[in-house]
Amino acid sequence: MALVAGSYERFIWGFSLKTLTSPSATATGAGASPSETLTLAPLFSYSAHTGPVRCVAAAPRAGLAASGCADDSVRLYDLPSAADLGPLLDPSAAVSALAFYSRGPVPRNLLAACDDGALLLYDADGFALLATLRAFPRHEAVEGLAVHPSGRVALAVGRAGALAMLNLVRGRRSFACRLERPASAVAYAEDRDGGDRFVMAAEEKVSVHDSVDARVIHQMDCGRRVLAMAPAKNGVLYTGGEDRCVTAWDLSSGKVSSRIEGAHATRVKGVVVFDNRKGGSELSNIIASASSDGVIRIWDIRTIGNGKPTPLAEANTKARLTCLAGTSLKCKSQKLHNVYSFACVLKE
């Protein structure tokens, strides 16, 4: 597993989640059984941009990551080699959201949303600019972006309170409307029964909508402003924000299923969920969270109740983190195969 975090101080950090095996502290003799612990090992640290990093994205199973910044650029990274691949300079405004997507098993496209209301569509093989889509007028910035698992459509929310649907096959906007409250993020999700949903965060509220007709199914009150959310495959949505907690919501009932109280000492700025498509992996029970004081923590969702479990691993970047993303990282020294990651980050 690899994590990528961006900061207000222009830095990008990369970490890999490694499994360390050591002799059990309680067992002695030749028959001592080994114990396993997790650690976040640094992959890289780059002063990649000339302004605050506003968003990051990681491509499932492709070993790629990208960061977007207020300096009107997108920067690319190769995770297995920990290499900075350089910038994409096509954006004409600050980059506010990024998403890798595909209609196949490996992501083939990168979508970059900008403060001038444009969405830039790249081919992930060579990163040629394929098209520029207009989500909103130039005066309305894109705040959040989500691509449907089919890779055919995307949703974008604007800073002035608009919602747009874009047809990624035809390369045009197919629908737009005004919301009652401006949303800061949007994500596609599934409920327990496999129902196709999308969720939007607006201040302290998160609304669950039917993807077919956009009707509101649930509206969940998080108490404080939501700054990060990530859907999981089991019909659960994880949120974090100014309450400093990580909360798991049941999308079928709209109620809290569990919560990590005091997950961080400051605001939660990013949440990543790792889902194993085939099931049976320990990594399918892991989530990651990051806070504005620079701390990244790894949690086992099986230990989450209504208290504060002990993190499985932790890293401190000592910076003001703004965003977090994660994906699988193929490496012989790590048990990190068949992992799929969802990340949806909200800006401050």
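This short talk goes through one predicted model, from its overall make-up to one sheet, three buried residues and a pocket.

Let me begin with the whole chain. The protein has 348 residues, of which 56% are buried, and its secondary structure comes to 29 strands and zero helices. If we take the contacts with a separation of 6 or more, then 47% of them are accounted for by residues 24 or more positions apart.

From those strands I would like to pick out one sheet. It is an open sheet of four strands, in the order β8-β9-β10-β11, and the pairing is antiparallel. The edges are held by β8, residues 95–101, and β11, residues 129–134, and because each of these has a single partner strand, one side of each is left without a neighbour in the sheet. From one strand to the next, the twist averages 20°. As a reminder, strands of a sheet pair through backbone hydrogen bonds, and they may do so in a parallel or an antiparallel way. Looking at one pair within this sheet, strand β9, residues 109–114, runs antiparallel to strand β10, residues 118–123, and five bridges join the two. You can follow the register at Ala112, which stands opposite Leu120 in β10.

Staying with strand β9, let us look at Cys114, which has its place there. Is Cys114 buried or exposed? Its relative accessibility is 1%, and since the cut-off for buried is under 20%, Cys114 counts as buried. Leaving out residues up to four places away in sequence, Cys114 touches Pro91, Ala93, Ala94, Val95, Ser96, Leu120, Ala141 and Val142. Leu120, the residue that stands opposite Ala112, is thus one of the contacts of Cys114 as well. Another residue to compare in position is Leu98, which lies 16 residues from Cys114 in sequence, with a C-alpha to C-alpha separation of 9.2 Å.

The second residue is Ala313, found in strand β27, residues 313–316. With a relative accessibility of 6%, Ala313 also counts as buried. Its contacts, again not counting residues up to four places away in sequence, are Leu17, Leu38, Thr39, Leu40, Ile296, Arg297 and Ile298. Of these contacts, Ile296 is 17 residues away along the chain, and the C-alpha atoms of Ala313 and Ile296 are separated by 8.4 Å.

The third residue, Asn285, is found in a loop, namely the one between β24, residues 268–275, and β25, residues 286–291. Asn285 has a relative accessible area of 17%, and so it is buried, given that the cut-off is under 20%. With residues up to four places away in sequence set aside, Asn285 touches Trp299, Asp300, Ile301 and Arg302.

Finally, I turn to the second largest pocket, whose volume is about 400 Å³. It is lined by 18 residues, and the closest to its centre are Leu179, Glu180, Met200, Ser207 and His209. Which elements give two or more residues to this lining? They are β15, residues 172–178, β17, residues 196–202, β18, residues 205–210, and β19, residues 216–221. Among the contributors, β18 gives the most, with four residues. By class, the lining of this pocket is made up of 11 nonpolar, three polar and four charged residues.

Key
Residues numbered from 1 in each chain as written. Predicted model: local features only at pLDDT ≥ 70, side-chain atom pairs only at ≥ 80, totals over all residues. Heavy atoms only, no water. Pairing = 2+ DSSP bridges. Axes fitted to C-alpha atoms, helices over the stretch in contact; angles between N-to-C directions. Buried < 20%, exposed > 50% of the residue type's maximum accessible area, 1.4 Å probe, protein only. Contact = heavy atoms within 4.5 Å. 1 Å grid on protein atoms, 1.4 Å probe; cavity = no way out; pocket = protein on both sides within 12 Å on 5 of 7 lines; lining within 4 Å. Points joined across faces, edges and corners; volume = space filled by probe spheres on them. Nonpolar A, V, L, I, M, F, W, Y, C, P; charged D, E, K, R; others polar.
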